[in-house]
Amino acid sequence: MLKAFFVGFFALALVSCGGGDANDATPVISVQNATLRLPAPGQTKGAAYFDVINLGGKDVLLSAATPFSSRVELHTHLHEDGMMKMRQVDNVDIDPETVTHFKTGGLHVMIFDMEVPEGAAHMPLTLNFAKSGTVEVNVMIGEAGAMSEHKMGGHKMENKEDTENHDMHKGD
Ligand SMILES: [Cu+2]
């Protein structure tokens, strides 16, 4: 009787210790460098970029949500027929002890029908992870502040020179 108990206990201990690699360790997630690409004039699609820093075991990003939109998707970019195309993905693997970059031309959070409240300096973004649960992120809204005429409190937005070559033809 007692022997059977010990054998059972030993087997259980083996199961819980077996395969104890980095994938089974608890993920330690933090999100940094969150920025927002606002919709182009006349459009409603925006995108959020950030770094997911994982100091622990494997996790999976399942979804994202923001009060600024009712349709938020996880996207990646793929090379197809020599062209870069956006694709929705069901989820994103967050590898152990790795920084996963969400960036222009790669993984991103696509925000459809975006409505940014006037004067908002941040967009709340909720990331839902399989193991870590929800992680709340404050995404900086740079250009929205620059576009609003006057901000309360007398903050002045610096007008940074746009390094991108925009195809804007003035009075052509
Ligand atoms: Cu996209």
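**View 1. L62 in this predicted model is partly exposed.** Around L62, 14 other C-beta atoms lie within 10 Å. A residue needs 20 or more such neighbours to count as buried, and 12 or fewer to count as exposed, so L62 falls in between. L62 sits in strand β3. Setting aside residues up to four places away in sequence, L62 touches N91, N128, F129 and A130. One of these partners, F129, is 67 residues from L62 in sequence. In space, the C-alpha atoms of L62 and F129 are 5.5 Å apart.

**View 2. L61 is one of the residues that touch the most other members of the largest nonpolar core.** Which residues does L61 touch, not counting those up to four places away in sequence? They are V52, L74, N91, V92, I94, L127 and F129. As a general point, side chains in a regular strand alternate between the two faces of the sheet.

**View 3. The largest nonpolar core holds 24 residues.** A48, L61, V109, I111, L125 and V139 touch the most other members. Eight strands each supply at least two residues of this core: β1 (29-37), β2 (46-54), β3 (59-65), β4 (71-80), β6 (92-94), β8 (108-112), β9 (122-129) and β10 (133-140). Which strand gives the most? Strand β9 does, with four residues. In soluble globular proteins, nonpolar side chains tend to be buried together.

**View 4. Strand β8 is mostly covered.** Four of the five residues of β8 are buried. Strand β8 also supplies at least two residues of the largest nonpolar core. Which way do β2 and β8 run relative to each other, parallel or antiparallel? They pair in the antiparallel sense, over three bridges. In β8, M110 stands opposite A47. Strand β4 is also joined to β8. Here five bridges link the two strands, which run antiparallel. H75 stands opposite H108 in β8.

**View 5. T134, in strand β10, is exposed.** Why does T134 count as exposed? Because T134 has 11 C-beta neighbours inside 10 Å, and the limit for exposed is 12 or fewer. Leaving out residues up to four places away in sequence, T134 touches T126, L127 and N128. A64 lies 70 residues from T134 along the chain. The C-alpha atoms of T134 and A64 are separated by 9.1 Å.

**View 6. The whole chain has two helices and ten strands.** Along the sequence, the pattern is α-β-β-β-β-β-β-β-β-β-β-α. The chain has 172 residues, and 20% of them count as buried. What share of the contacts with a separation of 6 or more joins residues 24 or more positions apart? The share is 68%.

**View 7. Residues 8-19 and 144-172 have pLDDT under 50.** Across the chain, the mean pLDDT is 79. Of the residues in the chain, 69% reach 70 or more. How many contacts beyond four places in sequence does the model have for residues 8-19? It has one. For residues 144-172, the model has eleven contacts beyond four places in sequence.

How values were computed
Residues numbered from 1 in each chain as written. Predicted model: local features only at pLDDT ≥ 70, side-chain atom pairs only at ≥ 80, totals over all residues. Contact = placed C-beta atoms within 7 Å. Core = buried A, V, L, I, M, F, W, Y, C linked by C-beta atoms within 7 Å. Pairing = 2+ DSSP bridges. pLDDT = per-residue confidence, 0-100.
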